[in-house]
Structure formats: C-alpha cells, structure tokens
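Colleague: Could you take me closely through one part of this model, namely the surroundings of the fourth helix, and set that part within the whole chain as you go?

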Amino acid sequence: MPLKKVEVGGGVAGGGYEYTQIETPDNVTFPFTSCDEHSAFSDGIVYYTAFIPAESIRVGKLPLDPNPRKPMPNALVTNGIQMTLANQPDRFHHRNNGMTIVANNVLINPSASTVELGFIDGDGICNGGHTYLGIENFPATISPDALVRCEIVLI
C-alpha cells in the first residue's frame, strides 16, 4: 500500500504533527465489531455504519483526499482524543463523533467480520481529521476496546 507522510503546523520540529495516510487509488481491509448497510435513501447513495478498532485504523491507514482542511495542531482536541484512548478506550465511540469516509467500493465479509474499502482519487476521510490525527499520533498500541464509529459513503 503506497503511503505518504503529511506535516501539519510545521511538523514535529515546528510544534505541529506528522501523520501517515494511504495514497489513492488503493484499498484497505479493516476488522469490524458491527457493520450495517443503509440503502433505503431515494438518492441511491449507499451508507454504511461500521465500528472499527482504532488500532486497526492506525495500522491500516486511510486517505484524506476529500477533507476540506488538514487538521490543525490543537493540543486540547488531540490530547482529549488520546486521553480517552488511553484511559477509557471502551467509551471512545461514545465520546467521539468518529469519521465519515467516502469510498468507491465497499466489500463486507460477514463471516470474517471485515470490511474492505476501495479508494480512487478524491476518496477518503471527509470528516474526522482530528480523530484520525489523534489515532495516528497515539504513542502506544491502542486497546482493542477502542472503537471508531465510521460512516462510510459509497459513491
């Protein structure tokens, strides 16, 4: 999977952050605890809600192509996200809005409890950049109890 490093706020040397994202086009497979399809909308767009372990997202990576802005270094927000990951991982999905991800392809394997997301240019996280930044910069392995609520939009 092709990766690229992103610097925010001058990178670590400038008091900001660095994180890694996958480059599009590519795909990634994540395990899930729960994954539901919502396709009863008249616009024909299919939505999924998946609860994915945060550590899987940190290891698996996601693209940020559609995000309208890079997450800015904000110690209060990032520290809050990381404090919950460290101290109350089982409450993470209750205390965090999660991420909205635009994908070109979604393949759910219920028997393996995995979801494969396919991306083309312009796909990826469109909301939840600070959540991704907090997960990417977490200094240790994240507890498997920490789940991220991901809304996946199939376009």
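Modeller: From the N terminus on, the elements of the protein chain run β-β-β-β-β-α-α-α-β-β-β-β-α-β, and the radius of gyration is 15 Å, close to the 15 Å that the globule rule gives for 155 residues, so the chain is as compact as a globular protein of that length. Please keep in mind that this is a predicted model. In total there are 4 helices and 10 strands, and the C-alpha atoms fill a box of roughly 45 × 35 × 30 Å along the principal axes. Of the 155 residues, 46% count as buried, and among contacts between residues at least 6 apart in sequence, 73% join residues at least 24 apart.

Turning to the part you asked about, helix H4 covers residues 129-136, and because 7 of its 8 residues are buried, it is largely enclosed by the rest of the structure. The buried residues of H4 are Gly129, Thr131, Tyr132, Leu133, Gly134, Ile135 and Glu136. Two of these, Thr131 and Tyr132, are in contact with Met99, and Met99 is in turn one of the residues with the most contacts inside the largest nonpolar core, together with Ile57, Leu62, Leu85 and Leu117. That core has 37 residues, and its largest share, 4 residues, comes from strand E5, residues 46-53. As a general matter, nonpolar side chains in soluble globular proteins tend to be buried together.

Leaving aside neighbours within four places in sequence, the contacts of Met99 also take in Ile57 and Leu62, as well as Ile125, Asn127 and Gly128, and, further along the chain, Val148, Arg149, Cys150 and Glu151.

Tyr132 of H4 is also touched by Gln21, a residue of strand E2, residues 17-22. Gln21 is buried, with a relative accessible area of 4%, and besides Tyr132 its contacts beyond four places in sequence include Pro2, Leu3, Lys4 and Val6, along with the run Lys61, Leu62, Pro63, Leu64 and Asp65. Leu62 therefore appears in the contact lists of both Gln21 and Met99, while its neighbour in that run, Lys61, sits in the loop between helix H1 (54-60) and helix H2 (75-87). Lys61 is buried at 13% relative accessible area, and its phi is positive, about 70°, although it is not a glycine. Most residues other than glycine have a negative phi. Ser113, in the loop between strand E7 (105-109) and strand E8 (114-119), also has a positive phi, of about 50°, without being a glycine, but Ser113 counts as partly exposed at 29% relative accessibility.

Following Gln21 towards the N terminus leads to Pro2, which is placed in the segment before strand E1 (3-8) and counts as partly exposed at 41% relative accessibility. Apart from Gln21, Pro2 touches Ile22, Glu23 and Asp26, not counting residues up to four places away in sequence. The C-alpha atoms of Pro2 and Asp145, 143 residues apart along the chain, are separated by 28 Å.

As for the outside of the model, the protein chain exposes about 7,700 Å², of which carbon and sulfur atoms supply 50%. There are 9 positive and 16 negative side chains, and the centres of the two sets lie 9 Å apart.

Key:
Residues numbered from 1 in each chain as written. Predicted model: local features only at pLDDT ≥ 70, side-chain atom pairs only at ≥ 80, totals over all residues. Heavy atoms only, no water. Helix = DSSP H or I, 4+ residues; strand = E, 2+ residues; numbered from the N terminus. Rg over C-alpha atoms; globule rule 2.2 N^0.38 Å. Buried < 20%, exposed > 50% of the residue type's maximum accessible area, 1.4 Å probe, protein only. Contact = heavy atoms within 4.5 Å. Areas by Shrake-Rupley, 256 points an atom, 1.4 Å probe, with all protein chains shown as cover. Lys, Arg positive; Asp, Glu negative; His and termini not counted. Charge placed at Lys NZ, Arg CZ, Asp CG, Glu CD. Core = buried A, V, L, I, M, F, W, Y, C linked by side-chain atoms within 4.5 Å.
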